[in-house]
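Q: I've just opened this one and don't know where to begin. Walk me through it, please.

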Amino acid sequence: MGLLDKEFSDGNIVIARAEDLMNWARLSSIWQLGFGLACCAIEMMATSASHYDFDRFGVIPRNTPRQADAIIISGTVTLKMATRIKRLYEQMPDPKYIISMGSCANCGGPYWEHGYHVLKGIDRVIPVDVYVPGCPPRPEALLEGLLKLQDKIRHESMRKKTA
Amino acid sequence: MKNPEEIFELLKKEFGEMILGLDKDTPVDPTISVDPMQIHKIGAFLRDNEELKFDSLMVLSGVDDANGTKTKDEDGTDLITGGNLSVYYHLHSTTLKHKIVIKASTSRENPVVESVYNVWRTSDWHEREAFDMFGIIFKNHPDLRRILMPYDWEAGFPLRKDYKNPEFYQGMKVPY
């Protein structure tokens, strides 16, 4: 359901549903909060850098949650950090999306039993859209997670909030 | 450059009873045990003495010796009464190129050790960490707060052998 398959033959006019147009705009410019936590953040930075180039999907790091659409939880979330992340999440404007990157953010990872200071999964604090497995995930895996998120946004309804 | 026996003899001559012993039978560096309430004076001597010149505190770490009486709590977890908590000081002289380990043991029920903040300024955050993880009180430390755990952490000191993790912290479930 691309936008251009409904193009008129005499050009310059494209018709589309408002919903599709809105979703297309949103999924093509997912601005992420410039925010990293642990070793996953290194992979996230590698994904942003020239070789993997997050920017080609419209992902640009923003330095304030008030301009961000998505937050990538890239690493171990300590209990102390969890309260701060919750606050950052609440400062982001709707619609907002969360990618949980790596085992630590998904479920506590290697700290699941003896990590007295680790939150066992960021979904205990904020709602997650896409989980990316790995320890840490390679940039390809994070890109796959982003494509999954784009897919999710593409099928969103304006009437009903899905995330 | 001095070997551990010579360092021990120098300290023994200066401080006498405050120096408790030299343990050479360790898997790593030989360790000198000292009185925890005199460690700041001993530290100043180790730093300033012409033959020792320990100008660098490489690391200060807390240890739970867990040598008290172990009993089981009603929920099956360990409970330790009595015994020691220790502080280890790894010292290095950058000019004379020798090293020594100093150990100060204190009681588990009232763990107080004199701060060496005024001898090696490095010890500031190291002592805060030992306080955070083991609850060792460093007397005369200028700012003894938790450093890693949240300031409102009330469940105790995580690296003690009989530590029990809480069910909840600020509404977040802690166990897996």
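Q: Okay, where does Pro95(A) lie?
A: Pro95(A) is in the loop of chain A between helix 3 (79–91) and strand 4 (97–101). Helices (H or I, at least four residues) and strands (E, at least two) are DSSP runs, numbered from the N terminus. A cis peptide bond links Asp94(A) to Pro95(A), with omega about -5°.

Q: Before I go on, what sort of model is this?
A: It's a predicted model, where local features need pLDDT of at least 70 and side-chain atom pairs count only at pLDDT 80 or more, while totals for chains, interfaces and linings use all residues. Residues are numbered from 1 along each chain as its sequence is written, chains are lettered from A and ligands numbered from 1 in the order in which they are written, and side-chain values use heavy atoms, leaving out hydrogens and water.

Q: Back to cis bonds. What's the peptide bond from Cys135(A) to Pro136(A) like?
A: That bond is cis too, with omega near -15°. Pro136(A) is in the loop between strand 5 (130–132) and helix 5 (139–154) of chain A.

Q: And what's up with phi of Asn140(B)?
A: Phi is near 70° there, a positive value in a residue other than glycine. Asn140(B) is in the loop between strand 9 (137–139) and strand 10 (168–169) of chain B.

Q: Is Asn140(B) buried or exposed?
A: Exposed, because its relative accessible area is 55% (buried is under 20%, exposed over 50%, partly exposed in between, with a 1.4 Å probe and protein chains only).

Q: New topic: how many helices and strands are in chain B?
A: There are 3 helices and 11 strands in chain B. Starting from the N terminus, the order is α-β-β-α-β-β-β-β-β-β-α-β-β-β. Of the 176 residues in chain B, 45% are buried.

Q: How many salt bridges does the structure hold?
A: Over all chains, 17; each is a side-chain nitrogen of Lys or Arg within 4 Å of a carboxyl oxygen of Asp or Glu. One of them pairs Lys24(B) with Glu5(B), at 3.1 Å from N to O.

Q: Which parts does that pair tie together?
A: Lys24(B) is in the loop between strand 1 (19–23) and strand 2 (31–34) of chain B, and Glu5(B) is in helix 1 (residues 4–15) of chain B, so the pair ties together parts 19 residues apart in sequence. Glu5(B) counts as partly exposed, at 32% relative accessibility.

Q: Now the two chains. How many residues does the contact take from each?
A: Chain B gives 17 residues and chain A gives 14 residues, with contact meaning heavy atoms within 4.5 Å. Together the chains bury about 1,200 Å², 68% of it on carbon and sulfur atoms. Buried area is the accessible area (1.4 Å probe) that two parts lose on being put together, summed over both.

Q: Which three residues supply 46% of what chain B buries there?
A: Met172(B), Val174(B) and Tyr176(B), more than any other three residues. The side of chain B that touches chain A has 14 nonpolar residues, 2 polar and 1 charged. Here Ala, Val, Leu, Ile, Met, Phe, Trp, Tyr, Cys and Pro count as nonpolar, Asp, Glu, Lys and Arg as charged, and the others, Gly among them, as polar.

Q: How many salt bridges cross that interface?
A: The rule finds 0 between chain B and chain A.
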